[in-house]
Amino acid sequence: MAADALRAAWNDALAPMPAGALHWLRAGRLEVALAPEAGGRIAQIRYDDMDWLVGPDDVPPATIAWGCYPMVPWAGRVRGGRFGLEGRAYALPVNFGGHAIHGIGFSRPWRIDALEADSAALSLALPHDDYWPFGGTTTQSVRLLEDRLQLELDVQAGDRAMPVVLGWHPWFRKPDCLTFSPAAMYPRDAEGIATLPRVSPVPGPWDDCFVAGGEIALARAGQRVRLQADTDHWVVYDAAAHATCVEPQTGPPDAFTLAPRVLQPGQRLRLAFELAWSSDDESQEDDHAVS
């Protein structure tokens, strides 16, 4: 991928991000196309011959707008790119509507450290520059079983304390139904950014961060995918006609200010995310078995 195209994506989340070389992983009826050059993202998830993600050929391939990508070392917007840590003010370059969005991992090429028929491990050294002044390292693993996809994202601080929020951003093709019953939400202000205090959820369409437990699932064309993660924070964007995003995050947007989590030198934070598929018939049988 050309260096100038990569640099454009660093500075503008709407800049084109071609998929680059794809590595297909397979297990049973599940297939995943891994695009390490395109922000270490998954370009497509195919279950029983049906594609679940908005791919680079479905829309103009803006860096922010396709596949399923890791958000690291922050998820969502950092208001104006500005935050404070340990009494010092920091300013990150803005890349979307005057704010810094989704970290830097989704616009940088990742290194493949291991590649098997049904799994992969990737890594990215976080910079120590104007884009991210703290350094650190991040890794992700992708593992396929016959009916489920297991993703793990891990970040480790370097020799400096650093704030962190991890997340995954899947662009699902528009589902027939979304099962999601949040307990609370972060209201958005006039700039569209999450604020406190949390409130009771309001009806959609949404582009909001929620606190949610219970079942989270999407159904489409006779298939169902259940989403689980070791976090209770989820961002849901369902205002687009062609897609719905359901994103697990370890904290809300603008968390560096709203709910800062700081890793001390050498400390780690991990986020696991599992997607499990079934047919509608299998889902109904499982529901009946539970009841």
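Which strand gives the largest share of the lining of the second largest pocket? Strand 20 does, with four residues. That is a handy way into this structure, which is a predicted model, so let's start with the pockets and then work through the core and the aromatic rings.

## Two pockets

Here are the two pockets side by side.

| Pocket | Space | Lining residues nearest the centre | Make-up of the lining |
|---|---|---|---|
| Largest pocket | About 380 Å³ | R77, I101, H102, H169 and D207 | 14 nonpolar, five polar, five charged |
| Second largest pocket | About 170 Å³ | G214, I216, R226, L227 and Q228 | six nonpolar, four polar, four charged |

The largest pocket has 24 residues in its lining. Several strands chip in: strand 15 (167–173), strand 18 (207–211), strand 21 (233–237) and strand 22 (243–249) each provide at least two of the lining residues.

The second largest pocket has a lining of 14 residues. Strand 20 covers residues 223–229, and both this strand and strand 24 (268–279) supply at least two residues of that lining.

## The nonpolar core

L227 is worth a second look. Besides sitting among the residues nearest the centre of the second largest pocket, L227 belongs to the largest nonpolar core. That core holds 83 residues, and the members that touch the most others are I45, L149, L227 and L275. There is also a second core, separate from this one, made of six residues, with A184, Y186, A194 and C209 among them.

Who are the neighbours of L227? Leaving out residues up to four places away in sequence, L227 is in contact with F172, I216, L218, W234, V246, F273, E274 and L275. Of these, I216 is also one of the residues nearest the centre of the second largest pocket, and L275 is another of the well-connected core members. As a rule, nonpolar side chains in soluble globular proteins tend to be buried together.

## Aromatic rings

The model has 18 aromatic pairs. Take W74 and W132: their ring centres are 5.9 Å apart and their planes meet at 35°, so this pair is tilted. The two residues come from distant parts of the chain, 58 residues apart. W74 is in the loop between strand 5 (68–71) and strand 6 (77–78), while W132 is in the loop between strand 11 (119–125) and strand 12 (137–144).

Are these two buried or exposed? W74 has a relative accessible area of 3%, and W132 has 0% relative accessibility; both are under 20%, so both count as buried.

W132 has another ring partner, F256. Here the centres are 6.2 Å apart with the planes at 40°, so this pair is tilted too. F256 lies in helix 2 (residues 255–258), so its pairing with W132 ties together parts of the chain that are 124 residues apart in sequence. F256 is buried, just as W132 is. Ring pairs join W74, F83, Y90, W132, F134 and F256 into one cluster.

## A partly exposed tryptophan

Finally, have a look at W24, which is in strand 1 (residues 23–27). Its relative accessibility is 29%, between the 20% and 50% limits, so W24 counts as partly exposed. Not counting residues up to four places away in sequence, W24 touches E31, V32, A33, Q44, R46 and A117. The contact with A117 spans a good stretch of chain: W24 and A117 are 93 residues apart in sequence, yet their C-alpha atoms are 7.9 Å apart in space.

Methods
Residues numbered from 1 in each chain as written. Predicted model: local features only at pLDDT ≥ 70, side-chain atom pairs only at ≥ 80, totals over all residues. Heavy atoms only, no water. Core = buried A, V, L, I, M, F, W, Y, C linked by side-chain atoms within 4.5 Å. Buried < 20%, exposed > 50% of the residue type's maximum accessible area, 1.4 Å probe, protein only. Contact = heavy atoms within 4.5 Å. 1 Å grid on protein atoms, 1.4 Å probe; cavity = no way out; pocket = protein on both sides within 12 Å on 5 of 7 lines; lining within 4 Å. Points joined across faces, edges and corners; volume = space filled by probe spheres on them. Nonpolar A, V, L, I, M, F, W, Y, C, P; charged D, E, K, R; others polar. Phe/Tyr/Trp six-rings, centres within 6.5 Å; stacked < 30°, edge-to-face > 60°.
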